Amino acid sequence: MSVAPRRPAVLGSRSSVLSRNPNRGLQPAASVKPQPRPEGRGSVPLRTKNLSPVVASGALDALPRLWRPEWRAAALIADRRVLRLHGPSILRRLARCAPVVRVFSFPPGERSKTREMKAALEDRLLRARLGRDTCVVALGGGVALDLAGFVAATYLRGVPSIYVPTTLLAQIDAAVGGKTGVDVPGGKNLVGAFHFPAAVLIDPRFLRTLPPVEWRCGLAEMVKHAVIGDARLFAVLERSALRLRRPHALDADLLLAALRVKLEVVRRDPFEAGLRAVLNFGHTIAHALESASGHRVPHGLAVAVGMVVEADVAVARGILARAARDRLVALHGRLGLPTFDPTPFARLAPFLAVDKKNRAGALHVALPGALGTAIRARRDWTGPVSLAELRTAWNRRASSGGSAAGVPA
Ligand SMILES: NC(=O)c1ccc[n+]([C@@H]2O[C@H](COP(=O)([O-])OP(=O)(O)OC[C@H]3O[C@@H](n4cnc5c(N)ncnc54)[C@H](O)[C@@H]3O)[C@@H](O)[C@H]2O)c1
Ligand SMILES: [Zn+2]
């Protein structure tokens with residue numbers, strides 16, 4: 001589709017908007033200074049950009065103001081389900097931003113997050129003769145953002161991107177932080193790049209159409225952010241758990257609280273030189289479970305199981321109080337999140353061996369200390385854990401009952 005341009009107003013490269021009240025429109029908040037890339041991770045210093053997303057009911061209205069005149073083409077990349085549900089509203093705005101707007105869709109689901117799908121999208125962008133004046137606009141959940149973001153990172157050696165996350169998980173996690181990538185047969189997210197989007201537009205109203213299982217996936221990442229960085233958020237989740245069980249347009253306060261944990265971690269460690277590994281709480285187990293299940297267990301539910309198993313390891317190590325772990329398990333129950341999965345541990349083991357946090361062949365796991373404190377710890381954000389410890393915790397959970405991943409609450 002090609003449409004006539006209307007010259008947009010342009011904001012500076014450090015535009016940053018965080019709105020407390022989604023109904024009051026956009027309000028500026030503190031912007032985050034670009035961070036230098038740490039030495040030794042690449043020869044060319046890159047800068048992170050725009051760590052502050054626009055969070056507002058009607059966030060898409062900011063698109064024409066954020067669009068830069070040098071972006072002559074928009075490549076909208078979305079999965080087919082999200083494109084059908086929410087494509088028209090963003091296409092209307094894009095038509096006011098760029099002379100050329102093209103749409104590229106792919107089948108929904110984690111199985112599309114592959115090298116092959118990335119290559120197919122790249123070929124389609126090339127066939128559409130999209131040049132370096134293209135901005136990739138990623139619309140959808142974490143899969144669309146990771147995949148389209150990775151396309152943007154390497155297409156013609158890199159073009160800008162804008163993220164419009166439409167799942168709770170993507171709004172509080174995947175959309176911010178600049179990690180892009182795909183899954184490969186050997187494991188999750190093993191091939192990718194850091195590529196920070198030029199803007200992130202978060203509209204809680206997209207969440208109204210979320211299927212309940214995807215909503216629960218987002219709640220799991222929200223619990224993770226509370227455990228690692230915000231004890232108050234954890235208590236709010238405990239109090240509001242029953243109300244939170246059904247998908248709705250999430251209160252801006254809750255969304256922002258969860259988002260702030262991620263933003264703080266990414267601001268302090270944009271390229272995962274250390275601290276950022278705390279965001280991986282629950283993810284060593286989760287990534288192995290997702291891969292071992294052939295992606296039948298969705299990411300968020302795998303994270304829910306992973307958090308409980310890894311918390312059990314932390315309790316066994318004396319790092320986490322038993323009472324804190326019990327509160328986590330109880331919160332899972334109230335939110336309808338799983339605490340175990342019946343997959344035999346032996347199926348997870350090969351995928352654990354390729355976890356990105358491993359060092360010198362040893363497993364490293366992000367184990368939480370007291371609730372809400374991990375991001376304030378000075379060091380040791382991950383620690384070596386043996387396969388046997390994980391196996392013991394996994395098997396104990398499997399035999400202790402509770403609800404299993406993938407089983408509707
Ligand atoms: N890059 C990062 O920092 C980061 C962080 C966390 C997770 N992730 C990745 O994100 C992925 C998981 O993301 P996800 O859970 O959003 O999955 P997803 O993108 O597959 O979306 C889940 C499903 O919800 C549908 N959907 C999306 N928005 C909808 C809406 N508003 N209404 C109705 N249906 C909608 C999609 O079509 C899809 O079927 C994983 O691959 C994970 O590795 C990345
Ligand atoms: Zn995650």
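Ala 78 stands opposite Ser 105 of strand E3, and this pair is a convenient place from which to enter the model, which is a predicted one. Strands E2 and E3 pair in the parallel sense, with seven bridges between them. Together with helix H2, which covers residues 80-94, E2 and E3 form a β-α-β unit that is right-handed.

These strands belong to an open sheet of six strands, whose order is E1-E8-E5-E4-E2-E3 and whose pairing is parallel. Strand E1 (54-55) and strand E3 (100-106) are the edge strands, each of them pairing on one side only. Helix H3, residues 115-127, packs on this sheet, where it touches strand E2 (73-79) and E3, and the direction of H3 makes about 155 degrees with that of E3. As a general point for reading such a sheet, side chains in a regular strand alternate between its two faces.

At the E1 edge, two bridges join E1 to strand E8 (residues 199-202), and the two strands run parallel. Within this pairing, Val 55 has Ile 202 of E8 as its bridge partner. The loop that lies between E1 and helix H1 (63-66) contains Gly 58. Is Gly 58 buried, exposed or partly exposed? Gly 58 has 15 other C-beta atoms within 10 Å, and because a residue needs 20 or more to be buried and 12 or fewer to be exposed, Gly 58 is classed as partly exposed. Although Gly 58 and Phe 206 are 148 residues apart in sequence, their C-alpha atoms are 9.9 Å apart in space.

Further along the chain comes helix H10, residues 299-316, whose 18 residues should span 26 Å at 1.5 Å a residue; the C-alpha atoms at its ends are 25 Å apart, which agrees with that expectation. H10 is mostly covered, since 16 of its 18 residues are buried. In an α-helix there are 3.6 residues a turn, so residues three or four places apart point the same way. Just after H10, Gly 318 adopts a positive phi of about 80 degrees.

A word on confidence should accompany this reading. The chain has a mean pLDDT of 86, and 86% of its residues reach 70 or more. Over residues 1-47, however, pLDDT stays under 50, and for this stretch the model has 81 contacts beyond four places in sequence.

Key: Residues numbered from 1 in each chain as written. Chains lettered and ligands numbered in written order. Helix = DSSP H or I, 4+ residues; strand = E, 2+ residues; numbered from the N terminus. Expected span 1.5 Å × (residues − 1). pLDDT = per-residue confidence, 0-100. Contact = placed C-beta atoms within 7 Å. Pairing = 2+ DSSP bridges. Axes fitted to C-alpha atoms, helices over the stretch in contact; angles between N-to-C directions. Right-handed = clockwise from strand over helix to strand, strands pointing away.
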